[in-house]
Structures are given as structure tokens and as C-alpha cells.
Amino acid sequence: MPRYAHIIGWGKYAPPNILTNHDLAKTVDTSDAWIREMTGIQERHIASSKESTAQMAIAAARHAIESANIRPSEIDLIIVATATPEYAFPATACLVQDALGAAHAGAFDLEAGCSGFVYALATASGMIRSEMYNTILVIGAETLSRIVDWKDRATCVLFGDGAGAVVLRASETPGGVLASVLGADGSGGELLMLPGGGAKHPAGPDTVLSKQHFVKMNGREVYRFATRVMASAAKQVVERAGWSLEQIDLFIPHQANARIIDSAAKSLNLPPDKVFVNLEHYGNTSAASIPIAMCEAIDLGKIKAGDHVVMVGFGAGLTWAACAIQWTARKPGPPALRHRAATGRLRYTWSGLKSLGSRLSRHVDAVVSKVIDTVERK
């Protein structure tokens, strides 16, 4: 029997701190009217000094696990899509794995810019369909405010922070992620990049002074690329799924720019009620934008069992990705979620204690081993 990868749980997290266009106009040469006209953005969520990519990913993952009504021990693999990882290494996904107490899960990060979540979703779906794994947690999480030059009007008005997650599970019931399209054009890599901090330009006084640790973007060229690839990727994945464009119930594009989304919708002949947009309240949250939008669409009742959903992302690389999903999950009620959240708090507290115990045991083992080595040498 063929296997299918179904989304059975979902969750999101956005920092409570909100930065409006009016706030930005106090520090850079811009205005609320200009930002709205050029991008469609009104405000964005910005992480506090105590919030980070891993912490937001963990929060979104916990909501997704509660929604799916599974135990962390059931998760086989965790994939975190991010361009702003907690560290160069270890992978942010490993930090999430430890915090969740997902003792049986492998973990790795995936970097494909703003296309990252859909890339990760396609990867996870393929692993499930191939019978490699049964349950996979996929997260898109970003702290883009850490890599934005807040004096650069061309980029600082665009980005926000947040995280979104889904739980995928194997089933013999037809549906779930039915088709995927992944693409890249590395010749456009310099159009959207973070120059400093890698192997080519290691962090140092020169890279800091020349602001190479901030996002650099050729906005005009990225816009041209995005308007071309969004619609074509959507058409390709719809064809692979065996659907027609008229069968799309909801189109969830990467939330980067309202004009790009409008252009794609027109090319696909989709009316506004079939296109989900929450850009005005979040800005561009890169790999987190599509899962956050998906969660909001579910909350608003815009996705229901049996719907045909298409997700399309584009971003640095240059990359693009699309997934066609036949939705099968049903939204759990508030009482069930409250009960699961309470159970989850107990579970995560215990997981934290076990993690602490492992660290202490490792430390004690290292000290004792050092003492034994010293005695033996004498």
C-alpha cells in the first residue's frame, strides 16, 4: 500500500513586541504610507533580548505537538528551516530535540532562505513516503531582526521574527502532501545574501565595520525573480498533484510583499478569498512566514478537511519551492488543547530535569575520568 504524509498538528509563535511603521519612521527616513504602498506591511513582531530562534521554534513545536495529540517520544525526526540559526553549530534542531524530550528523534537544520519551510516539508514528506520515518516535526523559525541593519531603509522595513511548526505523520489514507516542486538558480545568489560570518568572510573587525553581517538585497531584481517564479511553481505543483487551478481552495504564498502576492494571484486567476495574506501584521518572517500564515488560516476557519491547499515560497539562493496538500486534519477544540497544554507542561518540565541530569552526569564523568588519569600517570 502507498504511504502518504499528512499534517496532523500545527502551531506558531510570534514575539509579543510589535514594531509599527510609525515606530520605524522615528529612526529612519521612511513613513507609514510609503511602507504600506511599497510592501503592504503595517507592523512586524520583533524578538526581545531573551527570545531567540531556538526558543521560538520550541514554543511553536510544543503547540504543534499539542494540536497533533502525540508524545515527543513518537517523533522520529526534527527539521528546522532557518537562515538565522541559534549557532553555526550545533543545529538549532538539536536544541529543539533536547527541549522537547524527543529522545528518539534525529535532528538537523535546513537552509534555503525564505523557501526553507516548503523545502523541509517536501523533504519530510519524501522520507515518510519512502518508509524511512513515520512522524516528523517540521519547523520554520527566524530571528531576522538580529541580521537587519536598522539604518537601511531598503531592508529594515521588511523583516520580522517568529516561528511556525507542523507535525507530519504517515498514513495509508490518500491525502496530505501530494506533490512538491523544488528549484534553485545559484547564479542569483548575490542578489540576497548575508556576506559575513561564513568561510569566505570569517567574522572579524573588517566584516563588522563594513556591515557584512547584515542582510544585503537587490530589491528590484528579487522582485522580478519572485513575480516570475511564484506563479510558475504553483502551476507546476498543481499539475503534479493532478489538479486544476480551479480546484485550489486556498493559496498560501510566502509573505514577502503584497504586490508580489497580487501578481501571483492574478497569474493563477485566483480571487482574493482564495489567497491568504497576513503580511500586514508580520512582515517577512522568511522560513516562518508560510507556517505562521497556515496556522492563522486554520484559526480563521479558512482551511477545512478535504480542501486543496497550495504553498509557495521563494528566497535567497535563489530558491523556490511549492507543495500541494489535500488537507485531512480537523481542528481540536479549546478544552482538548487546554488539557494537552497542561500535560505538556509537566512533560517538558520532566524533560528539562532529565536533560540537566545528563549534563551533570557528563560533567561528573569528565572530572572523575581526569582524576583517574592523573592517578594512573603517577
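**Close-up views of a predicted model**

**View 1. The G317–L318 peptide bond.** L318 sits in the loop between β12 and β13. This is a predicted model, as are all the views below. G317 and L318 are joined by a cis peptide bond. Its omega is about -10°. The strands on either side of this loop, β12 (308–315) and β13 (319–326), both give two or more residues to the largest nonpolar core.

**View 2. The F89–P90 peptide bond.** Here too the bond is cis, between F89 and P90. Omega is about 10°. P90 belongs to the loop between β4 (77–81) and α4 (92–100).

**View 3. The largest nonpolar core.** This core holds 48 residues. Which of them touch the most other members? They are V237, F251, V310, V312 and F314. Two or more residues come from each of β8 (176–184), α8 (219–241), α9 (258–267), β12 and β13. The largest share belongs to α8, with 11 residues. Another core lies apart from this one. That second core has 41 residues, including A120, F276, I298 and W327.

**View 4. The surroundings of F251.** F251 is one of the residues that touch the most other members of the largest core. What does F251 touch, beyond residues up to four places away in sequence? The list is A234, A264, L268, L270, K274, V275, F276, V310 and V312. Among these, V310 and V312 are also in the group with the most contacts in the core. A234 is a buried residue of α8, and A264 is a buried residue of α9. F276 is a member of the other core, the one of 41 residues.

**View 5. Helix α8.** α8 has 23 residues. From first C-alpha to last, α8 reaches 32 Å. That is close to the 33 Å expected at 1.5 Å a residue. Its buried residues are V222, F225, A226, V229, M230, A231, A233, A234, V237, V238 and A241. Residues three or four places apart point the same way, because an α-helix has 3.6 residues a turn. G242 follows α8. The phi of G242 is positive, near 80°.

**View 6. Helix α9.** Which residues of α9 are buried? They are I260, I261, A264 and A265. Seen down the helix axis, these buried residues fall within an arc of 135°, so they line one face of α9. Their cover includes α8, β11 (250–253) and β12. At the start of α9, a side-chain oxygen of N257 comes to within 2.7 Å of the backbone nitrogen of R259. Just after the helix, N269 has a positive phi of about 55°.

**View 7. Two loop residues with positive phi.** K211 and S286 can be viewed side by side. K211 is not a glycine, yet its phi is positive, near 60°. K211 lies in the loop between α7 (205–209) and β10 (216–217). S286 is likewise a residue other than glycine with positive phi, near 55°. S286 lies in the loop between α10 (279–282) and α11 (289–299). Are these residues buried or partly exposed? K211 is partly exposed, with a relative accessible area of 34%. S286 is buried, at 3%.

**View 8. The surroundings of W150.** W150 is in the loop between β6 (135–143) and α6 (153–156). W150 counts as partly exposed, because its relative accessibility is 29% and the partly exposed class runs between 20% and 50%. Leaving out residues up to four places away in sequence, W150 touches L19, L24, V28, I46, S145 and C156. The side chain of W150 also reaches the backbone oxygen of S145, at 3.2 Å. S67 is 83 residues from W150 along the chain. The C-alpha atoms of these two residues are separated by 36 Å.

**View 9. Cysteines.** How many disulfides does a search of the whole structure find? The search finds zero. Why is C156 not bonded to C114? C114 holds the closest cysteine sulfur to that of C156, but the two are 16 Å apart, too far for a bond. A disulfide needs the two sulfur atoms within 2.5 Å. C156 is buried, with a relative accessible area of 0%. C94 counts as partly exposed, at 33% relative accessibility. C156 is also one of the residues that W150 touches.

Notes. Residues are numbered from 1 along each chain as its sequence is written. This is a predicted model: local features need pLDDT of at least 70, side-chain atom pairs count only at pLDDT 80 or more; totals for chains, interfaces and linings use all residues. Side-chain values use heavy atoms; hydrogens and water are left out. A nonpolar core is a set of buried Ala, Val, Leu, Ile, Met, Phe, Trp, Tyr and Cys residues joined through side-chain atoms within 4.5 Å. Buried means under 20% relative accessible area, exposed over 50%, partly exposed in between (1.4 Å probe, protein chains only). Helices (H or I, at least four residues) and strands (E, at least two) are DSSP runs, numbered from the N terminus. Contact means heavy atoms within 4.5 Å. The expected span of a helix is 1.5 Å times one less than its number of residues. The arc is that of the directions from the helix axis to the C-beta atoms. A polar contact is a pair of N or O atoms within 3.5 Å; within protein, one must be able to donate a hydrogen and the other to accept it, and residues adjacent in sequence count only if both atoms are side-chain atoms.
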